[in-house]
Amino acid sequence: MQTKPFRIGTRGSPLALAQAHETRSRLMAAHGLSEAMFEIVVLSTKGDRITDRSLALIGGKGLFTEEIEAQLISGELDFAVHSSKDMPTKLPDGLYLSAFLPREDVRDAFIGRAAKRLLDLPQGATVGSASLRRQALIRRLRPDLNVIVFRGQVETRLAKLAEGQADATLLAYAGLKRLGKLDVPTEILDPVSFPPAPAQGAICVESRLGDDRMNSLLAAIDDRATRAAVTCERGFLATLDGSCRTPIAGYATVEGEHLQFRGMILTPDGSQYHEIETSGPAGDAGRLGEEAGQTIRGKAGADFFESWG
């Protein structure tokens with residue numbers, strides 16, 4: 001019988017806390033536990049502290065997880081809650097993704113000051129985004145736009161927009177929904193023409209391999225369809241050495257036992273891109289993603305990837 005609270009590691013942004021609270025609520029409901037049985041431990045990560053440079057220049061996605069994972073490995077935390085799209089494709093030895101919550105909306109939200117739609121922005125307008133994928137997709141659709149780096153928490157980026165530092169920005173619709181900011185987007189972008197990041201909209205839980213008691217607790221909230229979709233997308237990303245230095249998009253949908261995947265790779269300037277579609281059994285999600293990555297890599301050719309260096 002557990003007598004002391006389970007320690008949940010998370011970043012301290014309002015969105016990260018909302019995700020930790022949702023995870024806690026699901027565990028309370030699944031196991032009939034009180035809120036007092038969970039302690040949310042807020043940790044600052046290097047990715048949170050450095051906000052004036054692109055992630056590509058300071059080390060990539062692991063900057064949002066290193067401090068949290070160190071405490072997981074040491075046993076100071078019981079498990080951690082993350083945005084799945086922030087997770088590197090290779091995790092530290094001894095850790096794994098033990099649960100995925102039901103996925104939110106995968107689409108990107110456009111927030112415009114100068115126009116309500118991306119395609120309606122005036123010539124030469126400035127769009128702020130920290131994501132190389134979003135930057136490349138914007139340039140693909142509107143090569144005339146001025147795209148600048150926009151980093152920080154959701155509230156920080158919205159404040160920068162309100163101050164006039166850009167004419168528009170893009171954020172994950174899932175995050176805005178979790179923060180109750182449904183009135184913020186001026187356009188929800190089509191995931192076919194503006195495909196999301198792999199694992200976008202999915203909350204994951206990370207814990208220690210071999211911690212059977214903890215992993216049994218977490219298994220009760222694991223959503224099978226989300227796990228399959230994200231596993232496929234992360235397989236695609238891993239095969240392409242995906243990080244914050246590479247413009248890669250991809251999303252899978254699962255209906256019953258069937259999985260459908262669409263992926264895209266772009267050059268950073270958006271001038272060249274390749275797409276792929278595949279489908280198969282949801283139980284083969286990882287293999288389907290890896291094979292899609294291998295196929296699109298072969299289709300693009302070695303020269304395509306030189307601009308990603």
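**Entry 1: His82 and its surroundings**

I began with His82, which counts as buried because its relative accessibility is 5%, under the 20% that sets the limit for that class. I note at once that the model I am reading is predicted. His82 belongs to strand S3, and I listed what His82 touches once its neighbours within four places in sequence are left aside: Gln19, Thr65, Ile68, Met87, Ala202, Ile203, Cys204 and Glu206. I also looked up the separation of His82 from Tyr251, and found 169 residues in sequence and 18 Å in space, taken from C-alpha to C-alpha.

**Entry 2: strand S10 and its partners**

Among the contacts of His82 is Ile203, and this led me to strand S10, which covers residues 203-208. I checked how far S10 is covered, and 6 of its 6 residues turn out to be buried. Which strands pair with S10? On one count I found strand S3, residues 79-83, joined to S10 by 4 bridges in the antiparallel sense, with Ile203 of S10 as the bridge partner of Ser83. On another I found strand S4, residues 95-100, which runs antiparallel to S10 and is joined to it by 5 bridges; here Tyr96 stands opposite Ser207 of S10.

**Entry 3: the sheet S11-S12-S13**

I then turned to an open sheet of 3 strands, whose order is S11-S12-S13 and whose pairing is antiparallel. Strand S11 (248-255) and strand S13 (273-281) are at the edges with a single partner strand each, so one side of each has no neighbour in the sheet. From one strand to the next I read an average twist of 10°. Between strand S12, residues 258-266, and S13 I noted 9 bridges, again antiparallel, and the bridge partner that His258 finds in S13 is Pro281.

Which helices did I find against these strands? Helix H10, residues 285-300, packs on the sheet and touches S12 and S13, its direction making about 150° with that of S13. Helix H5, residues 132-141, lies across S11, S12 and S13, and runs at about 75° to S12.

**Entry 4: aromatic rings**

I searched the whole structure for aromatic pairs and found 2. One of them is formed by Phe6 and Phe38, a tilted pair with 5.6 Å from centre to centre and 35° between the planes. The two rings come from distant parts of the chain, for Phe6 is in strand S1 (residues 6-10) and Phe38 in strand S2 (residues 38-42), 32 residues apart. Are these two residues buried or exposed? Phe6 is buried, at a relative accessible area of 5%, and Phe38 is buried too, at 6%.

I also looked for charges placed over rings. The charged end of Arg140 sits over the ring of Tyr273, 4.1 Å from the ring centre, while that of Lys160 sits over the ring of Phe150, at 5.5 Å from the centre.

**Entry 5: salt bridges**

How many salt bridges does the structure hold? I have 20 in my notes, and I followed several of them. Asp108 pairs with Arg134, and their closest N and O atoms are 2.8 Å apart. This pair links distant parts of the chain, since Asp108 is in strand S5 (residues 108-112) and Arg134 in helix H5, 26 residues apart. Both Asp108 and Arg134 are buried.

The side chains of Arg224 and Glu257 meet at 3.1 Å, N to O. Arg224 lies in helix H9 (residues 224-239) and Glu257 in the loop between S11 and S12, so the salt bridge ties together parts that are 33 residues apart in sequence. Arg224 is exposed, at a relative accessible area of 56%, whereas Arg134 of the previous pair is buried.

For Asp284 and Arg287, whose side chains also meet in a salt bridge, I noted 3.1 Å from N to O. Asp284 is partly exposed at a relative accessible area of 30%, and Arg287 is partly exposed at 36%. I closed the entry with Glu22, Arg26 and Arg178, which salt bridges with shared partners join into one network.

Notes: Residues numbered from 1 in each chain as written. Predicted model: local features only at pLDDT ≥ 70, side-chain atom pairs only at ≥ 80, totals over all residues. Heavy atoms only, no water. Buried < 20%, exposed > 50% of the residue type's maximum accessible area, 1.4 Å probe, protein only. Helix = DSSP H or I, 4+ residues; strand = E, 2+ residues; numbered from the N terminus. Pairing = 2+ DSSP bridges. Phe/Tyr/Trp six-rings, centres within 6.5 Å; stacked < 30°, edge-to-face > 60°. Lys NZ or Arg CZ within 6 Å of the ring centre and 35° of its normal. Axes fitted to C-alpha atoms, helices over the stretch in contact; angles between N-to-C directions. Contact = heavy atoms within 4.5 Å. Salt bridge = Lys/Arg side-chain N within 4 Å of Asp/Glu carboxyl O.
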